[in-house]
Amino acid sequence: MSTKILLSFAMANHGANFANWLRDRLMKQYNLYQVDAVYMDSVVARSGATRHARTFAQNDIAPEGVASVSLDMRPHMRSSTGARPIGAMKSDWNRMYKIAMMEAQVMIFVYTDEYRDSPWCMKEWGQFHMENGRRRLRRQATLRGVFLAFNPAVNLVGIHEPHVTRINVAKTDGMQRGLAWDRGDFVLNDADYRQMVNAIGPIG
């Protein structure tokens, strides 16, 4: 693996579409075209061995190293129009995510209401701070955080740490940028995107 930028986001309510759009922009911005360079776990999961079905049962886990790719039937992933995304998952996803975090230079948090309400997303926020604690002990470079606050009412422990840059951003209609699979897709406007890139800084 060779992760430079790690994405942390909630998939629900078009968050996955936004993350795919953001990943694409960052890959082009920094010339990072390896599948794990801008790490998005659902994309990395699809990059190796996969098995496909219309749907999978909740407890139907593929063998280690093989991703299950199927329609995401979780209730919170169903949009107001009835559309559902296609998901991919590996049984060792959390181990892979932690490795990506150990390698990354920057971690981008997409803070929406859905992010706030997700225990998995909150776990990633905690892992970010634990990783920086590990790096301090080993005298390694800090893992910088860029916090995109789509909901400005943020009350999280660690949000004011010097290695976290918070940017209040707004949802911009993504249909103008070609994200039109369903109603509600969103992107960053040009000014917010530039702020984010300035906060990310150089990527080595």
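**Figure 1. Helix 1 and its buried residues in the predicted model.** Helix 1, formed by residues 15–30, has 16 residues and reaches 22 Å from its first C-alpha to its last, close to the 22 Å expected at 1.5 Å a residue. The structure shown here and in the other views is a predicted model. The buried residues of helix 1 are Gly15, Ala16, Asn17, Phe18, Ala19, Trp21, Leu22, Arg23, Leu26, Met27 and Tyr30. In an α-helix there are 3.6 residues a turn, so residues three or four places apart point the same way.

**Figure 2. Two asparagines with positive phi, Asn13 and Asn31.** Asn13 lies in the loop between strand 1 and helix 1, and its phi is near 55 degrees, a positive value in a residue other than glycine. With a relative accessible area of 41%, Asn13 is partly exposed. Asn31 follows helix 1 and belongs to the loop between helix 1 and strand 2 (38–39). Its phi is also positive, at about 55 degrees, although Asn31 is not a glycine. Asn31 counts as exposed, because its relative accessibility is 58% and exposed means over 50%.

**Figure 3. The largest nonpolar core.** This core has 32 residues, of which Leu26, Ile108, Leu148 and Met196 touch the most other members. Strand 1 (5–9), helix 1, strand 6, strand 7, strand 10 (186–187) and helix 6 (190–200) each supply at least two residues of the core. Helix 1 gives the largest share, eight residues. Leaving out residues up to four places away in sequence, Leu148 touches Phe18, Leu22, Ile108, Phe109, Val110, Tyr111, Ile167, Val169, Leu188 and Met196. A second, separate core of 22 residues includes Ala10, Met101, Ala104 and Val164. In soluble globular proteins, nonpolar side chains tend to be buried together.

**Figure 4. A cluster of aromatic rings around Phe147 and its partners.** The structure holds 13 aromatic pairs. In one of them, the rings of Phe109 and Phe147 have centres 6.2 Å apart and planes at 35 degrees, so this pair is tilted. The pair links distant parts of the chain, with Phe109 in strand 6 (residues 106–111) and Phe147 in strand 7 (residues 144–149), 38 residues apart. Both Phe109 and Phe147 are buried. The rings of Trp125 and Phe147 have centres 5.4 Å apart and planes at 70 degrees, so this pair is edge-to-face. It too links distant parts of the chain: Trp125 is in helix 5 and Phe147 in strand 7, 22 residues apart. The relative accessible area is 5% for Trp125, which is buried, and 0% for Phe147, also buried. Ring pairs link Phe109, Tyr111, Tyr115, Trp125, Phe128 and Phe147 into a cluster.

**Figure 5. Positive side chains over aromatic rings: Arg25 and Lys171.** The charged end of Arg25 sits over the ring of Tyr193, 3.9 Å from its centre. Lys171 lies over the face of Phe186, at 4.5 Å from the ring centre.

**Figure 6. The surroundings of Arg135, a buried residue of helix 5.** Arg135 has its place in helix 5, which covers residues 119–138. Arg135 counts as buried because its relative accessibility is 5% and buried means under 20%. Apart from neighbours within four places in sequence, Arg135 is in contact with Met101, Met102, Glu103, Ala104, Gln140, Ala141, Thr142 and Leu143. Among these, Met101 and Ala104 are also included in the second nonpolar core.

Methods:
Residues numbered from 1 in each chain as written. Predicted model: local features only at pLDDT ≥ 70, side-chain atom pairs only at ≥ 80, totals over all residues. Heavy atoms only, no water. Helix = DSSP H or I, 4+ residues; strand = E, 2+ residues; numbered from the N terminus. Buried < 20%, exposed > 50% of the residue type's maximum accessible area, 1.4 Å probe, protein only. Contact = heavy atoms within 4.5 Å. Expected span 1.5 Å × (residues − 1). Phe/Tyr/Trp six-rings, centres within 6.5 Å; stacked < 30°, edge-to-face > 60°. Lys NZ or Arg CZ within 6 Å of the ring centre and 35° of its normal. Core = buried A, V, L, I, M, F, W, Y, C linked by side-chain atoms within 4.5 Å.
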